[in-house]
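Please open the model in a viewer and follow the stops below in order. Each stop proposes a selection and states what is found there.

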Amino acid sequence: MTVQKPPQKPLPRWVDIGLIPVINVLVALFVSGIVVALIGENPFVAMLVMVKGAFVYDGSLGYTLYYATNFIFTGLAVAVAFHAMLFNIGGEGQAYLGGLGAGLICLWMDSFMPAILLIPLAIMASAAFGAIWGVIPGYLQAKRGSHIVITTIMFNFLAASIMVSLLAGMLKSGGQMSPETRAFTDAASLPMIHEILQGLGFNVARSPLNLSFVIALLACVGVWVLIWRSRLGYAIRAVGQSPQAAQYAGISIERIIIITMAISGGLAGLMAINEILGVQHRVILNFTSGYGFTGIAVALMGRNHPFGIVLASLLFGALYQGGAELDFEFSTITREMVLMIQGLIILFSGALSFMFQKPLQRLFSKLTAGGKTEVAHGN
């Protein structure tokens with residue numbers, strides 16, 4: 001007599017996209033709490049400070065949403081590529097080149113072009129430069145078989161080298177030592193959200209949150225329509241799920257790979273508008289600050305869905321802003337400790353994101369089967 005285990009059913013969608021990410025975050029916070037306790041601080045007090053720093057203090061919510069804007073763009077970039085089973089690691093370089101595109105337009109036209117024309121042009125340039133930087137690895141993957149992970153990583157280094165060369169050379173502002181361009185005129189500045197709300201009669205604290213947050217939300221809607229409501233999105237998902245079936249159906253895999261990487265690169269390039277047009281008002285070195293890499297964890301945690309990416313971006317934005325408050329309030333919790341907490345979130349949400357999938361699958365299979373096991377007689 002042999003005992004057959006009940007077949008394991010797929011997890012309900014709300015468990016896969018909702019419960020598992022929450023469990024991952026709670027486990028990461030639990031481990032982080034242990035580390036905080038080991039250095040002699042109360043983890044509950046530290047958590048309270050982090051939450052207040054991210055959402056309660058004056059202007060803190062604006063800062064959280066400002067950081068979240070960067071993660072929305074880079075998370076969407078990773079997600080679009082992943083639907084075609086392309087692992088785009090090059091968001092950092094694509095965002096860097098996006099900033100160059102926006103910067104070149106502003107440096108060229110900000111002295112004579114009005115804001116209503118200049119800002120849309122700069123936004124389109126940032127998306128176009130990011131798209132071009134994504135198309136090249138896509139072309140190499142489609143036509144030459146080069147692995148997209150390797151080429152996008154190398155293109156990050158190339159983008160960094162190009163920016164260093166330009167900002168320390170021909171684009172460097174005269175009469176200063178810093179490797180950065182001159183400041184743009186006011187025509188190149190994205191409207192700030194607190195100024196818009198104050199104009200409408202709301203008393204809102206000052207923060208770097210700007211109109212790019214609204215553009216990021218519109219990009220989420222656009223990606224949802226593209227992936228789940230368009231013929232191109234169907235082709236992207238078909239190539240990702242089964243390249244052979246897609247080819248049999250007449251879909252050009254090479255064409256879809258190149259187009260997908262162009263869209264992915266364009267979304268990553270748009271991240272630059274939050275930093276360059278919204279806050280810095282000049283092109284500076286290292287303005288990407290690792291947002292392109294963190295976008296990978298955001299996309300994984302958000303299950304490559306725009307709504308999940310918005311939630312994951314809010315979490316990471318809160319970690320960035322609340323983590324800065326921890327560093328300010330506690331002498332024992334240094335910036336490196338905050339980075340460690342963020343790293344644990346990325347570890348459990350990214351590399352270990354499916355750690356609890358199989359236990360939950362077994363649990364839900366037992367619950368749906370009523371706890372009964374099927375017994376069959378064999379040889």
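Which helices each supply at least two residues of the lining of the second largest pocket? In this predicted model, they are H1 and helix H13, the latter spanning 306–329.

**Stop 1: the second largest pocket.** Begin by selecting H1 together with H13, as each of these helices gives at least two residues to the lining. The space in this pocket amounts to about 310 Å³. Its lining comprises 15 residues; select Ile17, Gly18, Pro21, Gly308 and Leu311 to mark those closest to the centre. H1 provides the largest share of this lining, with 6 residues. Colouring the lining by class should show 10 nonpolar, 4 polar and 1 charged residues.

**Stop 2: the largest pocket.** Keep H1 (13–38) selected and add helix H3 (60–83) and helix H9 (231–241), each of which supplies at least two residues of the lining of the largest pocket. About 360 Å³ of space lies here. To centre the view, select Phe82, His83, Gln241, Arg303 and Asn304, the residues nearest the pocket centre among the 15 in the lining. Which helix gives the largest share of the lining of the largest pocket? That share, 3 residues, comes from H1. Colouring this lining by class gives 6 nonpolar, 5 polar and 4 charged residues.

**Stop 3: H1 once more.** Finally, display H1 with both linings. H1 contributes the largest share to the lining of the largest pocket, and H1 likewise contributes the largest share to that of the second largest pocket.

Terms used
Residues numbered from 1 in each chain as written. Predicted model: local features only at pLDDT ≥ 70, side-chain atom pairs only at ≥ 80, totals over all residues. Heavy atoms only, no water. 1 Å grid on protein atoms, 1.4 Å probe; cavity = no way out; pocket = protein on both sides within 12 Å on 5 of 7 lines; lining within 4 Å. Points joined across faces, edges and corners; volume = space filled by probe spheres on them. Helix = DSSP H or I, 4+ residues; strand = E, 2+ residues; numbered from the N terminus. Nonpolar A, V, L, I, M, F, W, Y, C, P; charged D, E, K, R; others polar.
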